[in-house]
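Me: I am in my first year, and I would like a close look at the way charged side chains pair up here, written as one connected explanation. Please give the meaning of each term as you come to it.

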Amino acid sequence: MTANTVYDIFLALPEMERQRHIELVNEYKRKEDNKYAIIPQKKKKVFSYTQQDALNYLLQNVFCTKK
């Protein structure tokens with residue numbers, strides 16, 4: 001169905017139905033606009049590692065001799 005066909009059908013509607021159609025289209029547009037609204041991003045967790053934590057990680061994962 002083309003836009004011209006839809007427009008012709010719209011013109012054939014009684015005035016009350018035209019107004020209802022306009023309301024439905026506007027409601028749909030509002031929903032579409034809200035779908036693309038900016039969504040607040042979650043804050044990333046901040047990890048705080050100590051020097052000892054780093055040394056332990058290196059000893060266990062990098063310099064380990066067991067495989």
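Reply: A residue is called buried under 20% relative accessible area, exposed over 50% and partly exposed in between (1.4 Å probe, protein chains only). This is a predicted model, in which local features need pLDDT of at least 70 and side-chain atom pairs count only at pLDDT 80 or more, while totals for chains, interfaces and linings use all residues. Residues are numbered from 1 along each chain as its sequence is written, and side-chain values use heavy atoms, leaving out hydrogens and water.

The structure contains three salt bridges (a side-chain nitrogen of Lys or Arg within 4 Å of a carboxyl oxygen of Asp or Glu). To place them, look for helix α2, which covers residues 15-35 (helices are DSSP runs of H or I with at least four residues, strands are runs of E with at least two, and both are numbered from the N terminus).

Begin with R18 and E15, whose side chains meet in a salt bridge with an N to O distance of 3.8 Å. Both of these residues belong to helix α2, where they stand three residues apart, or about one turn of the helix. R18 has a relative accessibility of 23%, so it counts as partly exposed, and E15, with a relative accessible area of 48%, is partly exposed as well. R18 also takes part in a second contact, since its charged end sits over the ring of F10, 5.8 Å from the ring's centre (for this, NZ of Lys or CZ of Arg must be within 6 Å of the ring centre and within 35 degrees of the ring normal).

Next come R20 and E23, which form a salt bridge with 3.6 Å from N to O. Helix α2 holds both R20 and E23, and they too are three residues apart, about one turn of the helix. R20 is partly exposed because its relative accessible area is 41%, and E23 is likewise partly exposed, at 45% relative accessibility.

The remaining pair is E27 and K31, whose closest N and O atoms are 3.7 Å apart. These two residues also lie in helix α2, but here the spacing is four residues, which is again about one turn of the helix. With a relative accessible area of 33%, E27 is partly exposed, whereas K31, at 55% relative accessibility, counts as exposed.

It helps to set this part within the protein as a whole. There are three helices and zero strands, which gives the pattern α-α-α when the protein is read along its sequence. The radius of gyration is 31 Å, well over the 11 Å that the globule rule gives for 67 residues, so the protein is more spread out than a compact globule (the radius is taken over C-alpha atoms, and the rule is 2.2 Å times the number of residues to the power 0.38). Along the principal axes, the C-alpha atoms fill a box of roughly 85 × 25 × 15 Å. Of the 67 residues, 1% count as buried.

Outside the charged pairs, a search of the whole structure finds one aromatic pair. The ring centres of F47 and Y49 are 6.1 Å apart and the ring planes lie at 20°, so this pair is stacked (rings of Phe, Tyr and Trp, its six-membered ring, pair if their centres lie within 6.5 Å; planes under 30 degrees apart are stacked, over 60 edge-to-face, the rest tilted). F47 and Y49 are both exposed.
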